[in-house]
Amino acid sequence: MTDKSYIDAESIPTALRPVIGALCRVGSELSLQIARGPLAERLGAEMGSNSDGDTQKALDVIADKAFAEALTGTGVRYYASEERETVEELDPAGSLALAIDPLDGSSNIDVNVSIGTIFSVFETKDGAEESFLRDTNEQIAAGYLIYGPQTMLMVTFGDGVLQFVRDPLDGVFKLNVDRLMIPANADEFAINASNYRHWSKPIRAYIDDCLAGIEGPREKNFNMRWVASLVAETHRILTRGGIFLYPSDDRPGYEHGRLRMVYECAPIAMLVEQAGGQATSGCDRLLGQQADTLHARTPLIFGSGDKVSRVCAYHDLPEQEVSALFGNRGLFRA
Ligand SMILES: O=P(O)(O)OC[C@H]1O[C@](O)(COP(=O)(O)O)[C@@H](O)[C@@H]1O
Ligand SMILES: [Mg+2]
Ligand SMILES: [Mg+2]
């Protein structure tokens, strides 16, 4: 099979077909390798650490190498990866810059839970780093592959979100939804609650009010999910709504949260906005911001628009409101 035959390409802009075809070919190969799991090799084995200090797993390294190889000759000049300290020049004649989290959710590799690949595409600018350290609104494509019970590609080219499902019968990614929208009404939130004591007061107050449920100022019950795979959380929210938060907190190194702007937050923000939702770094819209280093972190809050705006409103509440205990809240939060 050629790269292009891995996806029904009609709805993909012509100039991006080789890139998306290569991503799908590697995504297909990875999904098979992941499905074989321990029958192939221990994909979750620890290998070392990347430039951000995260432990690298075998599959992080395998995926990064496979994507870099496959993207060579597809029009990608610059390749920026979570797993590489600096930008790689793949092809001096290429006109695209592609940033990638080759394997997202690596803590889930060994436990057979959904993981994925996140990518963002720009036209190149003069200079390797300059092609990525720029207004995130300038992305021309963004998406992720999810390796779960089904393998899918969710992608936007700036005109809505497309969903492709990999058909295991012939290995081809087939268009299933051509304008996916986030459902508005879902009372589900996703946050790593083990960090509660480290959060700022507005974030604690927002979550306190979700937890207080029907007896609290929101006067309804909420459900909580935390998969620890950004792709899996994004996929759930794109499919059935809700809100995701990875805020900054007071642990050393978490002043800007955990997630990286260039190859995690910016592409997810573009997808979410294209699906009718919102994505911020707390209060400020994420698209329109830019990273100042390749691996820079940013707080990330995204999901159904009204929920994301509500989190921002908590940042404007008076001190006595965000400090109030359950059962002792004023009317502001209702
Ligand atoms: O372990 P924590 O702090 O809950 O963080 C989970 C987050 O970290 C990530 O796993 C980071 O991604 P990587 O696996 O690519 O490093 C996200 O997918 C997820 O949202
Ligand atoms: Mg990641
Ligand atoms: Mg990763």
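**Reasoning from values to terms**

Trainee: Why is C24 called buried?

Mentor: C24 has a relative accessible area of 0%. Buried means under 20%, so C24 meets the term. Please keep in mind that this is a predicted model.

Trainee: What makes C265 buried, and how do you know that its sulfur is too far from the closest cysteine sulfur for a bond?

Mentor: The relative accessible area of C265 is 0%, and the limit for buried is under 20%; therefore C265 is buried. The closest cysteine sulfur to that of C265 belongs to C283, 16 Å away. A disulfide requires the two sulfur atoms to be within 2.5 Å, so C265 and C283 are too far apart for a bond.

Trainee: Why is the pair C283 and C312 called a disulfide?

Mentor: Their sulfur atoms are 2.5 Å apart, and the cut-off is within 2.5 Å, so the pair qualifies. The structure holds one disulfide. In general, such a link is a covalent bond between the sulfur atoms of two cysteines.

Trainee: Which parts does the pair of C283 and C312 tie together?

Mentor: C283 lies in the loop between β14 (278-280) and β15 (300-303), whereas C312 belongs to helix α6 (residues 305-314). The pair therefore ties together parts that are 29 residues apart in sequence.

Trainee: Is this disulfide right-handed or left-handed, and why?

Mentor: The torsion about the S-S bond of C283 and C312 is about 105°, so the disulfide is right-handed.

Trainee: Why is C283 described as partly exposed?

Mentor: C283 has a relative accessible area of 35%. Buried would need under 20% and exposed over 50%, so C283 falls in between and is partly exposed.

Trainee: What makes R84 buried, and where is the place of R84?

Mentor: R84 has a relative accessible area of 18%, and the limit is under 20%, so R84 is buried. Its place is in the loop between β3 (76-81) and β4 (88-89).

Trainee: Why is the pair of R84 and E88 side chains called a polar contact?

Mentor: The contact between these side chains is 3.2 Å, and the limit is within 3.5 Å, so the distance satisfies the term.

Trainee: Which residues surround ligand 1?

Mentor: There are 17 residues around ligand 1, the closest being D104, N192, L230, Y246 and R258. An oxygen atom of ligand 1 is 2.7 Å from a polar backbone atom of L230. The protein buries 89% of the 470 Å² that ligand 1 exposes when taken alone.

Key. Residues are numbered from 1 along each chain as its sequence is written. Chains are lettered from A and ligands numbered from 1 in the order in which they are written. This is a predicted model: local features need pLDDT of at least 70, side-chain atom pairs count only at pLDDT 80 or more; totals for chains, interfaces and linings use all residues. Side-chain values use heavy atoms; hydrogens and water are left out. Helices (H or I, at least four residues) and strands (E, at least two) are DSSP runs, numbered from the N terminus. Buried means under 20% relative accessible area, exposed over 50%, partly exposed in between (1.4 Å probe, protein chains only). A residue is near a molecule or strand if one of its heavy atoms lies within 4 Å of it. A polar contact is a pair of N or O atoms within 3.5 Å; within protein, one must be able to donate a hydrogen and the other to accept it, and residues adjacent in sequence count only if both atoms are side-chain atoms. Accessible areas come from the Shrake-Rupley method with a 1.4 Å probe; for residues, only the protein chains shown count as cover.
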